[in-house]
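Visitor: I'd like to learn how to read a model like this one. Could you walk me through it, feature by feature?

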Amino acid sequence: MSGKLLRAACTAAVLVVTGALPVAADPVPDEPGPSASVPDEPVPGGSAPGGAEPGEPAPGASGPAGGSPPDRPAVAGLLTRLRTLYREAEEASEAYNAAEEALKAHAAETKRLTGDLTRVRGELARSRAEAGRLARAQYQGRTELSSALRLLLGRDPHHALDQARLVRRAAREQASAVARLERGERRADALATRSRRALDREQTLTELRRAARDEAQARLKEVEEMLASMSEEEAAEVSALEESQTADAQRELLAGGGLDGARTPSEEGDEALEYAAEQIGKPYEWGAEGPESFDCSGLTSRAWARAGRAIPRTSQEQWRTLPKVPLRALRPGDLVVYFPKATHVAIYLGDGMVIQAPRPGARVKVSPLAANPVLGAVRPDPEARPLRTYTPPRLAPAASAGPDTGYDAS
């Protein structure tokens, strides 16, 4: 292929993955609210007939209006492979994010334990010095205890009683010094063990983070190579197929009427959504959480942090820990989670649309809610009341423009 044709193929290929994956058939809960835990309403665009994967045409399925091209199976295979690579890259990216967050926490714990161990070792050294001083004084006969013993042998009972009190006091001081020494040694040993374990865990997390980074980079390199190898005709057909599937999935989602009606966000949800809207046009970068670039969960976690509510950094933890809500109860500001492993997330804008950081090569943008297979939705502030009146955020003129996925190979 000539250099000119290759550049044209790469440029066309960036339009390939436009987010047309159909929505998975995972259910949503009967009732909205924080107590809901497992979705129970079918989401349009689920499993394809004949055991095909979501987003993959079933055997014998017809293509977009106008007839299927002769190489439709090959085009569908290219699309499926691209989706798989992007999904694997995002899974690795979220694994990297999780390891990074855990590493930060463990690094702080290791630092705290090291400080505690240093302090306890200092106290232990002082206790040992005190115990040694008492032992030397006792040996040399210069302590109250040795003096009292001598006086107890005297004939004066009053002196004996007075000195007995001194004996008891000196004995208590010595016992206390020994007890402090023993406690200090036990605590120093325990802290040393915990510190070693924390360092081992930190090293393990560093290796996990490195492995996840390498995996993500490998998958993204495969994407680049695949896009570069596609002909102009293949790129155009893959783009048309994905656009058709996106439109079909979105129509099916909206046809159920579950997203009808004007809903308003909470005050915090409004602030989070405003922040997300302000980031439209900024590039996707895996592992990034702003302010110049974002990955999917970096955008959602930063948006809600800006609203004053800290939520987990990764999409998996957002899905695992935040209260579930059914799609029919979505309100602006809620988070829509995608794929069976919860490896992608977007913030709901309203009217069946989301704001998301799609994938490498794309930019933060407005996309159809059905741009990826939906796992479910979560609400960071389930206890908050929706606003009585609400003005949606002002969007840039080209907020929905451009592909939802793909490298800008130009």
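Visitor: Let's begin at the outside. What does the accessible surface of the chain come to, and what percentage of it belongs to carbon and sulfur atoms?

Guide: About 20,400 Å², with 53% belonging to carbon and sulfur atoms. Accessible areas come from the Shrake-Rupley method with a 1.4 Å probe, and for residues only the protein chains shown count as cover. Before we go on, some ground rules: this is a predicted model, where local features need pLDDT of at least 70, side-chain atom pairs count only at pLDDT 80 or more, and totals for chains, interfaces and linings use all residues. Residues are numbered from 1 along each chain as its sequence is written, and side-chain values use heavy atoms, with hydrogens and water left out.

Visitor: What percentage of the residues is buried?

Guide: Buried means under 20% relative accessible area, exposed means over 50%, and partly exposed is in between (1.4 Å probe, protein chains only). In this chain of 410 residues, 46% are buried. For a case in between, take Ala-401: its relative accessibility is 49%, so it counts as partly exposed. Ala-401 sits in the segment after strand 6 (374-378). Its C-alpha is 8.0 Å from that of Val-366, and the two are 35 residues apart in sequence.

Visitor: How many helices and strands does the chain have?

Guide: Helices (H or I, at least four residues) and strands (E, at least two) are DSSP runs, numbered from the N terminus. Here there are eight helices and six strands. Reading from the N terminus, the order is α-α-α-α-α-α-α-α-β-β-β-β-β-β.

Visitor: And in what order do the strands sit in the sheet?

Guide: Two strands pair if DSSP finds at least two bridges between them. The six strands make an open sheet in the order 1-6-2-3-4-5, with antiparallel pairing. Strand 1 and strand 5 (365-368) are the edge strands, each pairing on one side only. Look at strand 2 and strand 6: they pair in the antiparallel sense over four bridges. Leu-335 stands opposite Val-378 in strand 6.

Visitor: Which strands does helix 7 lie across?

Guide: For the angles, axes are lines fitted to C-alpha atoms, for helices over the stretch in contact, and they run from 0 to 180 degrees between N-to-C directions. Contact means heavy atoms within 4.5 Å. Helix 7 lies across strand 2, strand 3 and strand 4, at about 50° to strand 3. Helix 6 lies across strand 3 (344-350) and strand 4 (353-356), and runs at about 105° to strand 3.

Visitor: While we're on contacts, what share is between residues 24 or more positions apart?

Guide: Of the contacts with a separation of 6 or more, 74%.

Visitor: Now the charged side chains. How many salt bridges does the count come to?

Guide: Side chains of opposite charge can pair when their charged atoms come close. A salt bridge is a side-chain nitrogen of Lys or Arg within 4 Å of a carboxyl oxygen of Asp or Glu. The count comes to 16. One of them joins Arg-379 and Asp-334, whose closest N and O atoms are 2.8 Å apart. That pair links distant parts of the chain, 45 residues apart: Arg-379 is in the segment after strand 6 and Asp-334 is in the loop between strand 1 (324-325) and strand 2 (335-338). Both Arg-379 and Asp-334 are buried.

Visitor: Are the residues of the Arg-213 and Asp-214 salt bridge buried or partly exposed?

Guide: Arg-213 has 33% relative accessibility, so it counts as partly exposed. Asp-214 is partly exposed too, at 37%. Their side chains meet at 3.0 Å, N to O.

Visitor: How many aromatic pairs are there?

Guide: A pair of aromatic rings is described by the distance of the centres and the angle of the planes. Rings of Phe, Tyr and Trp (its six-membered ring) pair if their centres lie within 6.5 Å; planes under 30 degrees apart count as stacked, over 60 as edge-to-face and the rest as tilted. There are two pairs. In one of them, the rings of Tyr-96 and Trp-286 have centres 4.9 Å apart and planes at 85°, so the pair is edge-to-face. Tyr-96 is in helix 2 (residues 72-139) and Trp-286 in the loop between helix 6 and helix 7, so the pair ties together parts 190 residues apart in sequence. Tyr-96 and Trp-286 are both buried.
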